[in-house]
Amino acid sequence: FAYDCSRIVPIYEGYVLQFNSKTIKIGGQHISSNLAQNLEKIHKISQKYSKFNITNLEDIKRKYVGVEGMKVGKSSDENIEYKLPDGQILEISNECITGCCDILFDGLIKNVNECILKCD
C-alpha cells in the first residue's frame, strides 16, 4: 500500500472496522507522476516521467510535499529553488507542489461516504 493505492479505514470508538474499509487505486506513484508532469510543463524538461530521475522527484516530494514541506516555512507565494545534480536550478511554485497532491482528493468524499454507509 501507499505506493500504488491508499486505504480508507473507518474507526469507531477506537476500533478499526477493517471489513468496512475501501482501497482506492491512488498512491505515491501517482503523486510522483503528477509532480513530474507539472515540472515538465513549467520548465519544458524534455525527459518524460519514466526517464525523469526518480531520485530527484522523491527528494522534492520528501522535502516539500506533505507535512515536512509545511515545516520549510515558505509563504504560499514564494518559489522554492531546487538544484539538480547537473547544476540546473528549478524554481518550483507552491501551486506546482500542492497541485501534485490534488489527485488524492478526487472522489474522496464519495469514497469516505461509502465506507461510513457500510458501517450501518
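How much area does the chain expose, and what share of it do carbon and sulfur atoms supply? The chain exposes about 8,300 Å², and 55% of that comes from carbon and sulfur atoms. Before I go on: this is a predicted model, and everything I say today is computed from it.

First, the overall layout. The chain has five helices and six strands. Going along the sequence, the pattern reads β-β-β-β-α-α-α-β-β-α-α. Of the 120 residues in the chain, 33% are buried. If you take contacts between residues at least 6 apart in sequence, 45% of them join residues at least 24 apart.

Let me start with the strands, at E5 and E6. E5 covers residues 80-83, and its pairing with E6 is antiparallel, over four bridges. One of the bridge partners to note is Ile92 in E6, which sits across from Ile80. Five residues lie between the two strands of this hairpin, and in it Gly87 has a positive phi, near 95°.

Which residues of E6 are on its covered face, and which are on the uncovered one? E6 runs over residues 89-92; Leu90 and Ile92 are on the covered face, while Ile89 and Glu91 are on the uncovered face. So that I do not lose the thread: Ile92, the bridge partner of Ile80, belongs to the covered face.

Next, the surface. Val9, Ile11 and Val16 make up a nonpolar patch there, with about 260 Å² of accessible area together. Ile11 is in strand E2, residues 11-12. Ile11 counts as exposed because its relative accessibility is 57%, and the cut-off for exposed is over 50%.

Now helix H2, residues 54-64, beginning with Asn56. Asn56 is in H2 and is buried, at 9% relative accessibility. Leaving aside residues up to four places away in sequence, Asn56 touches Tyr82, Leu84 and Pro85. Tyr82 falls within strand E5, residues 80-83, so this is a contact between H2 and that strand.

On to the charged residues. Side chains of opposite charge can pair when their charged atoms come close. The count of salt bridges in this model is five. I will take three of them.

The pair Lys61 and Glu58 is one, with the closest N and O atoms 3.6 Å apart. Why are Lys61 and Glu58 separated by about one helical turn? Because they are three residues apart in helix H2. Lys61 is buried, at 15% relative accessibility, whereas Glu58 is partly exposed, at 35%.

Asp59 and Arg62 form another, at 2.3 Å from N to O. These two are also in H2, three residues apart, and therefore about one helical turn separates them. Is Asp59 buried or exposed? Asp59 is buried, since its relative accessible area is 15% and the limit for buried is under 20%. Arg62, at 54% relative accessibility, counts as exposed.

Lys61 has a further partner outside H2. The side chains of Ser32 and Lys61 are joined by a polar contact of 2.9 Å. Ser32 is in helix H1, residues 28-43, and counts as buried because its relative accessibility is 1%. Where does Ser32 stand relative to Ile60? The two are 28 residues apart in sequence, and their C-alpha atoms are 9.4 Å apart in space.

The third salt bridge is in helix H5, residues 108-118. Here Glu114 pairs with Lys110, and the closest N and O atoms are 3.7 Å apart. Glu114 and Lys110 are four residues apart in H5, so they are separated by about one helical turn. Glu114 is partly exposed, at 30% relative accessibility; Lys110 is exposed, at 54%. Through salt bridges that share partners, Lys22, Lys110 and Glu114 are joined into one network.

To recap the points I would look at on screen. There is the antiparallel pairing of E5 and E6, with Gly87 at positive phi in the hairpin. There is Lys61, with a salt bridge to Glu58 and a polar contact to Ser32. And there is the network of Lys22, Lys110 and Glu114. That is what I have.

How values were computed
Residues are numbered from 1 along each chain as its sequence is written. This is a predicted model: local features need pLDDT of at least 70, side-chain atom pairs count only at pLDDT 80 or more; totals for chains, interfaces and linings use all residues. Side-chain values use heavy atoms; hydrogens and water are left out. Buried means under 20% relative accessible area, exposed over 50%, partly exposed in between (1.4 Å probe, protein chains only). Two strands pair if DSSP finds at least two bridges between them. Patches are made of residues with over 30% relative accessible area and no salt bridge: like charges are joined within 9 Å, nonpolar side chains (Val, Leu, Ile, Met, Phe, Trp, Tyr) within 5 Å. Accessible areas come from the Shrake-Rupley method with a 1.4 Å probe; for residues, only the protein chains shown count as cover. A salt bridge is a side-chain nitrogen of Lys or Arg within 4 Å of a carboxyl oxygen of Asp or Glu. A polar contact is a pair of N or O atoms within 3.5 Å; within protein, one must be able to donate a hydrogen and the other to accept it, and residues adjacent in sequence count only if both atoms are side-chain atoms. Contact means heavy atoms within 4.5 Å.
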